[in-house]
Amino acid sequence: MTIDEIRELVHLVTDTGIAELELQRGENRVRIRRSASAQHTEVMVPSDAPPAVHAPPAPASPEIRMPAVPAPTEVAPEETKTVLIKSPIVGTFYEGPSPGAPPFVRIGETVQPGKVLCIIESMKLMNEIEAEVAGVVTSKLVQNGQPVEYGEALFAITPL
Amino acid sequence: MSFDVESVRRRLPGRRVEYFEILDTTMREAAELAAAGAAAGTVVIAGEQTAGQGRHGRTWHSEAGSGLYLSLVLPAASPPAVTLALGLAAAEAIARVTDLECDLRWPNDLLLNERKAAGILVQVESGVLIAGIGVNVNHTAFPEELTGSATSLRREAGRPFSREELAAELCEAVDRYLRMLRAAGKEKIFALFTQRSSYARGRAVTVDRPEGALRGVTAGLDGDGFLKVRTPDGREHLIIAGGVRAVGA
């Protein structure tokens with residue numbers, strides 16, 4: 001994770017009023033927490049971040065109907081909640097239906113449940129990832145065409 | 001050539017078989033049927049597609065009356081191993097009908113003499129898996145941009161084949177391989193793929209990736225079915241999407 005990416009996350013937290021955001025990508029884990037009283041933002045990069053785990057792309061059970069989107073994770077406590085949309089599968093992240101096509105969603109866009117946010121491709125299996133909540137897309141956390149791990153956060157959505 | 005959908009229905013009793021002379025894409029139609037409650041096993045066949053889908057925005061050349069273009073609503077299955085199982089199933093169906101033995105290019109392209117005779121795409125929409133299978137059956141020629149990379153069953157065998165028979169065999173073979181995946185696990189599918197595919201091990205390949213092409217030699221599948229490619233510096237890379245081509249192809 002680069003300094004620029006961390007800076008972008010800090011902006012995400014300050015711009016949206018999220019209380020706390022924790023993100024792990026590969027071997028890097030970052031937790032950004034807003035102080036309740038002050039306007040400053042704390043950034044913690046734990047030195048004991050666990051190594052990246054190559055998680056299986058499918059659930060352990062061989063006979064599970066795969067959810068289009070895993071259960072959203074609420075990272076912020078109490079009032080200001082952000083839902084992270086995570087990848088249910090190891091694959092390649094595509095922001096649009098085809099190269100050169102407009103992305104499925106843009107930052108700042110309001111989405112409804114069922115709205116396709118991106119495609120994760122794994123072995124020519126194109127997995128449409130849908131919003132499970134109505135809200136505003138506040139951040140896209142992966143670049144188009146990049147590989148993603150199982151459970152990696154793809155988008156942050158602030159529910160309406 | 002017209003398509004005798006009734007003969008397919010007779011071969012596949014109890015299964016919903018929908019046929020359209022012309023569709024934009026069988027994938028969209030199958031997804032809509034699934035969303036409306038169509039059971040697993042439902043199959044959508046088109047005589048011609050005006051917007052046949054390939055991988056991530058690519059198109060599938062879908063000439064009228066020559067190819068078999070079908071989409072199947074799949075039962076719940078373990079992705080992405082299911083994509084390898086579908087390639088094995090299609091190869092078996094083609095062998096039963098034509099005696100042609102396809103090579104499998106990871107993950108599931110079907111090749112005859114290094115040219116693509118059939119392709120498979122799987123989409124997950126709202127939790128439902130839909131497989132799209134396109135087979136070049138009776139094409140005698142291809143558009144210029146495909147002549148070096150595509151072939152048909154007819155061109156390879158020197159005679160035409162029944163698309164109806166192939167459709168029925170495909171549906172039955174997919175059922176068999178998905179049962180095998182459920183009963184014996186993904187390891188069984190990976191072992192069969194490794195046996196059958198010349199691309200699984202020891203093949204010099206290039207892999208198209210957004211960050212640049214990778215050139216190396218294939219080194220088998222990992223525990224999840226992803227393709228391992230060893231580069232000249234001795235490092236092993238895991239290929240998770242596709243875009244694998246033989247060097248020189």
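**Figure 1. Polar contacts link chain B and chain A.** In this predicted model, nine residue pairs are in polar contact between chain B and chain A, both residues at pLDDT 80 or more. On the side of chain B that touches chain A, α3 (81-98) and β6 (115-125) of chain B each give two or more residues. β6(B) gives the most, with seven residues. By class, this side of chain B has 20 nonpolar, nine polar and seven charged residues. In total, 36 residues of chain B are in contact with 30 residues of chain A. The area buried between the two chains is about 2900 Å². Carbon and sulfur atoms give 60% of that area.

**Figure 2. A salt bridge spans the interface of chain B and chain A.** The rule finds one salt bridge across this interface. The partners are the side chains of Asp109(B) and Lys124(A). From N to O, the distance is 2.7 Å. Side chains of opposite charge can pair when their charged atoms come close.

**Figure 3. Ser87(A) sits in a loop of chain A.** Chain A has one helix and 12 strands. The helix comes before the strands in the sequence pattern. Of the 160 residues of chain A, 41% count as buried. Among contacts in chain A between residues at least 6 apart in sequence, 54% join residues at least 24 apart. Ser87(A) lies in the loop between β5 (83-86) and β6 (91-94) of chain A. Ser87(A) counts as buried because its relative accessibility is 1%, and the cut-off for buried is under 20%. Beyond neighbours within four places in sequence, Ser87(A) is in contact with Ile120(A), Val148(A), Glu149(A), Tyr150(A), Gly151(A), Glu152(A) and Leu154(A). Ile119(A) is 32 residues away from Ser87(A) along the chain. The C-alpha atoms of these two residues are 9.5 Å apart.

**Figure 4. Ser152(B) is a buried loop residue of chain B****.** The loop runs between β7 (128-136) and α4 (153-157) of chain B. The relative accessible area of Ser152(B) is 0%. A polar atom of the Ser152(B) side chain lies 3.0 Å from the backbone nitrogen of Arg155(B). Leaving aside neighbours within four places in sequence, the contacts of Ser152(B) are Asn136(B), Val137(B), Asn138(B), His139(B) and Phe142(B).

**Figure 5. Domain 1 and domain 2 of chain B meet.** Domain 1 covers 5-193 and domain 2 covers 200-246. Their centres, taken over C-alpha atoms, are 25 Å apart. Domain 1 brings 11 residues to the contact, and domain 2 brings 16. The area buried between the two domains is about 1000 Å², with 59% from carbon and sulfur atoms. Arg55(B), Trp106(B) and Phe190(B) supply 54% of the area that domain 1 buries against domain 2. No other three residues supply more. Four residue pairs are in polar contact across this interface, both residues at pLDDT 80 or more. On the domain 1 side, β4 (103-105) and α6 (186-196) of chain B each supply at least two residues. α6(B) gives the most, with three residues. The domain 1 side has six nonpolar, no polar and five charged residues.

**Figure 6. Lys186(B) and Asp224(B) bridge the domains of chain B****.** The rule finds two salt bridges across the domain interface. In the salt bridge of Lys186(B) with Asp224(B), the closest N and O atoms are 3.5 Å apart. Lys186(B) is partly exposed, with a relative accessible area of 26%. Asp224(B) is buried, at 10%.

**Figure 7. Helix α1 of chain B takes part in salt bridges****.** Over all chains, the count by this rule comes to 20 salt bridges. Glu6(B) pairs with Arg9(B), with the closest N and O atoms 2.8 Å apart. The two residues are three apart in α1 (residues 5-11), so about one helical turn separates them. Glu6(B) is partly exposed at 40% relative accessibility. Arg9(B) is also partly exposed, at 30%. Arg11(B) forms a salt bridge with Glu169(B), where the closest N and O atoms are 3.4 Å apart. Arg11(B) lies in α1 and Glu169(B) in helix α5 (residues 163-184), so the pair ties together parts that are 158 residues apart in sequence. Arg11(B) is partly exposed, with a relative accessible area of 33%, whereas Glu169(B) is buried at 11%.

Key: Residues numbered from 1 in each chain as written. Chains lettered and ligands numbered in written order. Predicted model: local features only at pLDDT ≥ 70, side-chain atom pairs only at ≥ 80, totals over all residues. Heavy atoms only, no water. Domains from an automatic or database assignment. Contact = heavy atoms within 4.5 Å. Buried area = accessible area lost by both parts, 1.4 Å probe. Salt bridge = Lys/Arg side-chain N within 4 Å of Asp/Glu carboxyl O. Polar contact = N/O pair within 3.5 Å; in protein donor to acceptor, adjacent residues only side chain to side chain. Helix = DSSP H or I, 4+ residues; strand = E, 2+ residues; numbered from the N terminus. Nonpolar A, V, L, I, M, F, W, Y, C, P; charged D, E, K, R; others polar. Buried < 20%, exposed > 50% of the residue type's maximum accessible area, 1.4 Å probe, protein only.
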